[in-house]
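The following paragraphs lead the reader through one protein structure, from the middle of a sheet outward to its loops. Please keep the sequence and the three-dimensional view at hand while reading.

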Amino acid sequence: MRYGYWMPVFGGWLRNVEDENMRADWDYVKTLAQRSEDLGYDLSLIAELNLNDIKGEEAPSLDAWSTAAALAAVTKKIELMVAVRPTFHSPALLAKQAANIDHISNGRLSLNVVSSWWQDEAKKYGVHFEQHNDRYARTAEWLHIVDNLWKQDHFTFEGKFYKVTDSILQPKPVSRPRPFIYAGGESEAAKNMIAAQCDGYVMHGDEPAAIGRRIQDLSERREKLGLPRMKFGVAAYSIVRNTEQEVKKELDRITNVQGSAAGYKNYQQWLAGTQLENQVSLQDYSVSNRGLRSGLTGTPDQVAERIAAFEAVGVDLFLLQCSPQLEEMERFSEAVIQVLAS
C-alpha cells in the first residue's frame with residue numbers, strides 16, 4: 001500500500017471550520033512536503049482550482065503548477081501528482097511545462113487529469129465552460145496530444161478542439177515512457193476515457209465493497225482493450241485515536257454542519273456539474289471528496305483492519321486528508337504507516 005495525501009492548497013478540508021491552523025501559503029506547504037518524506041508518505045496530490053472551493057471564493061488558494069515546480073526543487077522522494085484541467089491549459093504548453101518539472105524533480109511528476117465542474121470559476125477566469133460529455137471529448141483529445149508530444153517530435157494532430165502542426169518538445173520528460181497519468185470520474189464517458197488513455201484511476205471515498213466494484217468495472221474495460229492493469233487510488237479522511245470515544249468526539253467536530261458557512265456555497269453547483277453514482281448529503285460535503293465514507297477512522301487496530309480490506313479489493317494507494325494536517329499526518333504515520341511497515 002502507498003500512502004499519499006492532498007496538499008492543503010486551500011487552507012484545509014473542512015467546510016464547517018473556518019480556521020484549521022493550516023495556512024494556504026508557501027511556507028506551510030513547503031514544511032509539510034519536506035516533513036512528509038521523513039514520515040514515510042509516498043505521494044502528494046496538488047489540487048487545481050483558481051478559487052477556494054473549501055473556504056469560500058474570497059479565501060486564498062495556491063496555484064497548483066507553480067507550487068508543484070517549487071516543491072519539486074525542495075523535496076527529494078515524494079511523487080508530485082498535479083491536477084490539471086484541460087479547459088484551462090493548452091495541451092502542448094502543459095506538456096512542455098510538465099516535462100520541465102519532471103526534470104526538476106528527477107522523474108517524480110505525475111498528472112491527475114480532472115474535467116472541470118465549477119461553472120462560476122470558469123466564467124470568472126474567462127474560460128469556456130462545456131457540458132459534461134463535451135468536456136470528456138476535449139480531455140480525450142488533450143491527452144492524445146500530451147502523450148504524443150512526450151514521446152515523439154514533429155507531431156501533427158487536428159481534431160474537434162485542438163490542432164498542432166509539426167510540434168517539437170525538447171527535452172522529453174525524465175520518466176519513461178512518460179509521466180504517470182491518473183484520472184477520476186464516475187460517468188460512462190469518464191470511465192471509458194480513463195480505461196483507454198490513463199494509467200491510474202482515483203476515486204472519491206467509499207466503503208471497500210463499493211470501491212471493489214469500481215475496480216472490477218475499470219479492470220474489465222481495460223482488459224477488453226488489451227491493456228495492462230491500472231493502479232487504483234481512493235480518497236480517505238483519516239482520524240486515528242486511542243479510544244472510540246475520542247474518535248466520536250473528533251467526528252462530531254468535523255461534521256457539525258453549518259449551512260451558512262462560505263464553503264457550502266458551491267454544493268448545488270458541484271452536484272449539477274458532476275454525474276455521481278450516489279447522492280452526496282450536505283454532511284458528506286462537509287469533508288472534501290467524500291473522505292469519511294472510506295472509514296479510515298478509529299483506533300490504530302481498527303484503521304489497520306480497514307486498510308487491509310481495501311488492499312483485498314485491489315486498492316494500491318490512499319489519498320489522505322486530515323486536520324490540522326501536519327499534526328494528524330504525524331499521528332497517522334506513527335500509529336499506522338510505521339506499524340504496518342515493521
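A residue is called buried here when its relative accessible area is under 20%, and exposed when that area is over 50%; values in between are called partly exposed. The model under discussion is a predicted one. Cys-198 has a relative accessible area of 1%, so this cysteine counts as buried. Cys-322, with a relative accessible area of 2%, is buried as well. The structure holds zero disulfides.

A suitable place to begin is strand β3, which runs over residues 79-84. Why can β3 be described as largely enclosed by the rest of the structure? The reason is that six of the six residues of β3 are buried. In a regular strand, side chains alternate between the two faces of the sheet. In β3, both faces are covered: Glu-79, Met-81 and Ala-83 are buried on one side, and Leu-80, Val-82 and Val-84 are buried on the other.

The partners of β3 come next. Strand β2, residues 43-46, pairs with β3 in the parallel sense over four bridges. Within this pairing, Leu-43 of β2 stands opposite Glu-79 of β3. To pass from β2 to β3, the chain goes through helix α2, residues 64-74, and this β-α-β crossover is right-handed. Strand β4, residues 109-113, also pairs with β3 in the parallel sense, here over five bridges. Leu-111 in β4 is the bridge partner of Val-82. A right-handed β-α-β unit is formed by β3, helix α3 (residues 91-104) and β4.

From this sheet the reader may turn to the nonpolar interior. In soluble globular proteins, nonpolar side chains tend to be buried together. In this model, the largest nonpolar core has 90 residues, and Trp-65, Leu-111 and Phe-332 are those with the most contacts inside it. Helix α5, residues 132-151, supplies the largest share of this core, namely seven residues. There is also a second, separate core of seven residues, which includes Val-17, Ile-239, Val-247 and Val-287. What does Trp-65 contact, leaving aside its neighbours within four places in sequence? Its partners include Val-82, Ala-83 and Val-84, and among the others are Leu-94, Ala-98, Ile-101, Leu-109 and Leu-111. Glu-48, His-89 and Gln-97 are also in contact with Trp-65.

Helix α7, further along the chain, covers residues 208-224 and has 17 residues. From its first C-alpha to its last, α7 reaches 24 Å, close to the 24 Å expected at 1.5 Å a residue. An α-helix has 3.6 residues a turn, so residues three or four places apart point the same way. Among the buried residues of α7 are Ile-211, Arg-214, Ile-215, Leu-218, Arg-221 and Arg-222. The buried residues of α7 pack against helices α6 (188-197) and α11 (300-312), and against strands β8 (200-203) and β9 (231-237). Just after α7, Gly-226 takes a positive phi of about 75°.

Phe-161 directs attention to another region, the loop between β5 (155-158) and β6 (163-167). Not counting residues up to four places away in sequence, Phe-161 touches Glu-130, Asp-134, Ala-137, Arg-138 and Glu-141. Phe-161 and Arg-229 are 68 residues apart in sequence, and their C-alpha atoms are 30 Å apart in space.

Some details of the backbone complete the tour. Arg-176 and Pro-177 are joined by a cis peptide bond, with omega about 0°. Pro-177 is found in the loop between β6 and β7 (181-183). A cis peptide bond also leads from Ser-323 to Pro-324, where omega is near -10°. Pro-324 has its place in the loop between β12 (317-321) and α12 (325-341).

Positive phi values occur in residues other than glycine too. Asn-21 has a phi of about 60° although it is not a glycine, and it lies in the loop between β1 (2-6) and α1 (26-39). Is Asn-21 buried or exposed? Its relative accessibility is 54%, so Asn-21 counts as exposed. Asp-166, another residue that is not a glycine, has a positive phi near 50°. Asp-166 lies in strand β6 and is partly exposed, with a relative accessible area of 42%.

Conventions
Residues numbered from 1 in each chain as written. Predicted model: local features only at pLDDT ≥ 70, side-chain atom pairs only at ≥ 80, totals over all residues. Heavy atoms only, no water. Buried < 20%, exposed > 50% of the residue type's maximum accessible area, 1.4 Å probe, protein only. Helix = DSSP H or I, 4+ residues; strand = E, 2+ residues; numbered from the N terminus. Pairing = 2+ DSSP bridges. Right-handed = clockwise from strand over helix to strand, strands pointing away. Core = buried A, V, L, I, M, F, W, Y, C linked by side-chain atoms within 4.5 Å. Contact = heavy atoms within 4.5 Å. Disulfide = S-S within 2.5 Å. Expected span 1.5 Å × (residues − 1).
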